[in-house]
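Subject: A structure for you to look at

Dear colleague,

I am passing on a structure that I would like you to open and turn around before you read further. My notes on what was found in it come after the display.

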Amino acid sequence: MDLSLNISSALRLLGDSSKTQCATYQEVLQKVTEDLKNDCKAADTTALENHVNDDGVVIQCHSALATLFIEYVRGGHNTSVLTSSLEDLNWPADRIAEVVREIESCRHLIHSRLASLGTYPPHIVDVDWKLNYQVRSSAGQEGGGAMYLVTLHTEESQGKRGKVTFSCSLAELSHLVTRLRSEAAQVMHHILI
């Protein structure tokens, strides 16, 4: 797992039992797990502020441990990768076992939260269409033929709905349908792999 120098330094400090007391370590671990399990926009570190020295070390350790949890789940790593990463940071075996247990207890929840983040292109959920046929214009000229008025109903990642409306000829509509089928087939192929 690739972690920045700042994250690695804070994790090394958190894992060092001679520099971080067991009670402080337990409180940081519990707070990180609680923050990642609860549905909150930002971590509330006020409970940790009574441990903060001039440099805010405990809050840095909290952030580093939360980053470790998220990167572990995001990368789809197994416990041996996590264990070796923490061993490289000179963590004792008992603290490693606790972290592994806590991460595994909330792995699925973190994964589902990560999946719901970000913006995704809208997905087409429904289509309405209408055939308009113009025989003659108001000036008496020949009409342009059949035109389709298409409305694509879309849904975004946050559940918001939208509409995309356009008109096209039969040839353009056939091309659009062909492209949509091709893209849907590629998506299904990637899902099955």
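A residue is called buried here when its relative accessible area is under 20%, exposed when that value is over 50%, and partly exposed in between. Please keep in mind as you read that this is a predicted model.

To begin with the whole protein chain, there are 6 helices and 3 strands, and along the sequence they follow the pattern α-α-α-α-α-β-β-β-α. Of its 193 residues, 27% count as buried, while the accessible surface of the protein chain comes to about 12800 Å², with 53% of that belonging to carbon and sulfur atoms. If you take the contacts between residues at least 6 apart in sequence, 56% of them join residues at least 24 apart.

The helix I would look at with some care is H3, which covers residues 57-74. How far apart should the ends of helix H3 be, at 1.5 Å a residue? Its 18 residues should span 26 Å, and because the end C-alpha atoms are 25 Å apart in the model, the expected span and the model agree. After H3 comes glycine 76, whose phi is positive, near 65 degrees.

Which residues of H3 are buried? They are Val57, Val58, Cys61, His62, Ala64, Leu65, Ala66, Leu68, Phe69, Tyr72 and Val73. What covers these buried residues includes four other helices, namely H1 (5-15), H2 (22-37), H4 (79-88) and H5 (93-115).

Cysteine 61, which is in that list, has a relative accessibility of 4%, and it therefore counts as buried. Cysteine 168 is also buried, since its relative accessible area is 4%. A search of the whole structure for disulfides finds 0.

On the surface, Ile124, Val127, Trp129, Leu131 and Leu180 make a nonpolar patch of about 490 Å². The element that gives the most to this patch is strand E1 (residues 123-136), with 4 residues. Isoleucine 124, which lies in strand E1, is a useful case for practising the terms above: is it buried, partly exposed or exposed? Its relative accessible area is 42%, and because this value falls between the cut-offs of 20% and 50%, isoleucine 124 is partly exposed.

With best wishes,
A colleague

Note on methods: Residues are numbered from 1 along each chain as its sequence is written. This is a predicted model: local features need pLDDT of at least 70, side-chain atom pairs count only at pLDDT 80 or more; totals for chains, interfaces and linings use all residues. Side-chain values use heavy atoms; hydrogens and water are left out. Helices (H or I, at least four residues) and strands (E, at least two) are DSSP runs, numbered from the N terminus. The expected span of a helix is 1.5 Å times one less than its number of residues. Buried means under 20% relative accessible area, exposed over 50%, partly exposed in between (1.4 Å probe, protein chains only). Contact means heavy atoms within 4.5 Å. Patches are made of residues with over 30% relative accessible area and no salt bridge: like charges are joined within 9 Å, nonpolar side chains (Val, Leu, Ile, Met, Phe, Trp, Tyr) within 5 Å. Accessible areas come from the Shrake-Rupley method with a 1.4 Å probe; for residues, only the protein chains shown count as cover. A salt bridge is a side-chain nitrogen of Lys or Arg within 4 Å of a carboxyl oxygen of Asp or Glu. A disulfide is a pair of cysteine sulfur atoms within 2.5 Å.
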